[in-house]
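Please open the model in your viewer and keep the selection panel at hand. The tour goes one selection at a time, and each stop says what to look for there.

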Amino acid sequence: MNISVIGMGYVGLATAAVFADLGNDVIGADVDAAKIAALRAGEPPIFEPGLKEMLRRNLDEGRISFTTDTAEAVRASEVVFIAVGTPANTDGDTDLSQVEAAARNIARGLTDYKIVVNKSTVPVGTGDLVARMIRDHAPPDARFDVCANPEFLREGSALEDTLAPDRIVIGVSDHQVAERLLELYRPLDRPIIVTDVATAEMIKYASNAFLATKISFINAIADICERVGADVTTVAHGMGADRRIGHDFLQPGLGYGGSCFPKDVQSLIATAAAHGCDFALLRAAQEINDSRVGRFIERMTEVMGTLDGKTIGVLGLSFKPNTDDLREAKAVELIRALLGRKAAVRAYDPVAMEKCAALLPQVDYAHSAYEAARGCDALVIATEWNEFKLLNLARLKQLMAEPVIFDGRNTFAPEKVRALGFRYYGVGRR
Ligand code: NAD
């Protein structure tokens, strides 16, 4: 099938690469000329495991190409995916300007019938908005349908998730249109839910809001555990063993970040409010999340007396492991708070340091976790990269000025760390 994908970010690029790998002819379009040049040269502008290899394979075999001209990409395609960003705007609503710009450019490329599929996370009703915008800018006889196909991939395992999603959701206004999309997805052999556009759009928000609430729930439990002397990791284990609850998203810590949960939670609260519903539960989940870093800093201050003049090592910068994405990363929020308390920060991350240096030039970036720990009065684990789990803690202790660990992701076993002579503070555990 001839496909184009508009927006070569985390979602668009993973989608384009996987569809090409499945044998389709794919054109990736983006307004960012530097991104397109890098992609043509086989260099993904983002870090995602396996992406570079998949990109190069499909470039070599001529199944994928890239352009800055969206209309040209659309003209050559039967199915057009929109995968542009949908950030929050300042009042918490969703900023749809990238989607609108993509819709206008699609309209310019409508020479014959096209299926336009919205993969971006968009508030209910955006499918209709896109259809209206295309109609307003396309030739009068243009024929097209607009569908919703929300994306559930996770950064860090984007290719795996695109190849084997738990479910594929397709929102269409008429089932005949769904047939072509079903054909496209059939090789994946995954469960497919076909519904109307509004329901598909809502499935995405409801899913992300539920997962975010699960994280905030266990974080609230963690705070109580700290006060009553219970261990939240065992509590979470005991809860998760119940199949109705499950273990996923019950890891207490600094809270959720990233380019999706914070904005999607905010957007659903705004959609609810616009329709006269007060989503108090979700507002509470958001409040709990917003208070995590402040609470963590308070705990550090209680233990250390003051942070003024102290040197703090921070391990992990990206919003979660296996990605270089720093959007709404809790580590960045934490470092800003530490700098605000006049601490000096030394940091290390396996892939995100270059991007972080542009955001936080005041930080001293180290080449390894051990270098980041050197001379520090305390070490914080902010993102639980695998390589931190097996650090040589005895070596780490020798390098530090004071053997103090604040484990924002409950990465280590407290008794093991304490046995080595560290003072150890996790989240919600003794
Ligand atoms: P991103 O910011 O990484 O990428 C968006 C890309 O779109 C950028 O490269 C940008 O240059 C490009 N772009 C902007 N306007 C354009 C236009 N008019 N024409 C062509 N290209 C344009 O975004 P992302 O993280 O890939 O997210 C894309 C969408 O998918 C969002 O709605 C997001 O909420 C959703 N989503 C993201 C994830 C994730 O893990 N990142 C997961 C599921 C869903």
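Begin at the interface of domain 1 and domain 2, where six residue pairs are found in polar contact across the boundary in this predicted model, counting pairs in which both residues have a pLDDT of 80 or more. On the side of domain 1 that touches domain 2, colouring by class will show nine nonpolar, five polar and five charged residues.

To see both partners whole, select residues 2-204 as domain 1 and then residues 233-425 as domain 2, which are the two domains into which the protein chain is divided. Their centres, taken over C-alpha atoms, are separated by 33 Å, and at the interface 19 residues of domain 1 are in contact with 18 residues of domain 2.

How much area is buried between domain 1 and domain 2? The value is about 1,300 Å², and carbon and sulfur atoms give 52% of it. Now select Tyr10, Phe47 and Glu155 in domain 1, since these residues lose the most area to domain 2 and together account for 41% of what the domain 1 side buries.

Keep Glu155 selected and add Arg327, whose side chain meets that of Glu155 in a salt bridge with an N to O distance of 3.7 Å. Across the interface of the two domains, the rule finds one salt bridge.

Next, turn to the ligand, which is surrounded by 26 residues, the closest being Asp30, Lys35, Thr86, Glu155 and Lys263. Glu155 therefore appears again at this stop, being listed among those closest residues, and an N or O atom in the side chain of Glu155 is 2.7 Å from a nitrogen atom of the ligand.

Select Lys35 to find a polar side-chain atom 2.5 Å from an oxygen atom of the ligand, and then Val31, where a polar backbone atom is 3.5 Å from a ligand nitrogen atom. Finally, show the ligand surface: taken alone the ligand exposes 830 Å², of which the protein buries 90%.

Definitions and conventions:
Residues are numbered from 1 along each chain as its sequence is written. This is a predicted model: local features need pLDDT of at least 70, side-chain atom pairs count only at pLDDT 80 or more; totals for chains, interfaces and linings use all residues. Side-chain values use heavy atoms; hydrogens and water are left out. Domain bounds come from an automatic or database domain assignment. Contact means heavy atoms within 4.5 Å. Buried area is the accessible area (1.4 Å probe) that two parts lose on being put together, summed over both. A salt bridge is a side-chain nitrogen of Lys or Arg within 4 Å of a carboxyl oxygen of Asp or Glu. A polar contact is a pair of N or O atoms within 3.5 Å; within protein, one must be able to donate a hydrogen and the other to accept it, and residues adjacent in sequence count only if both atoms are side-chain atoms. Ala, Val, Leu, Ile, Met, Phe, Trp, Tyr, Cys and Pro count as nonpolar, Asp, Glu, Lys and Arg as charged, and the others, Gly among them, as polar. A residue is near a molecule or strand if one of its heavy atoms lies within 4 Å of it. Accessible areas come from the Shrake-Rupley method with a 1.4 Å probe; for residues, only the protein chains shown count as cover.
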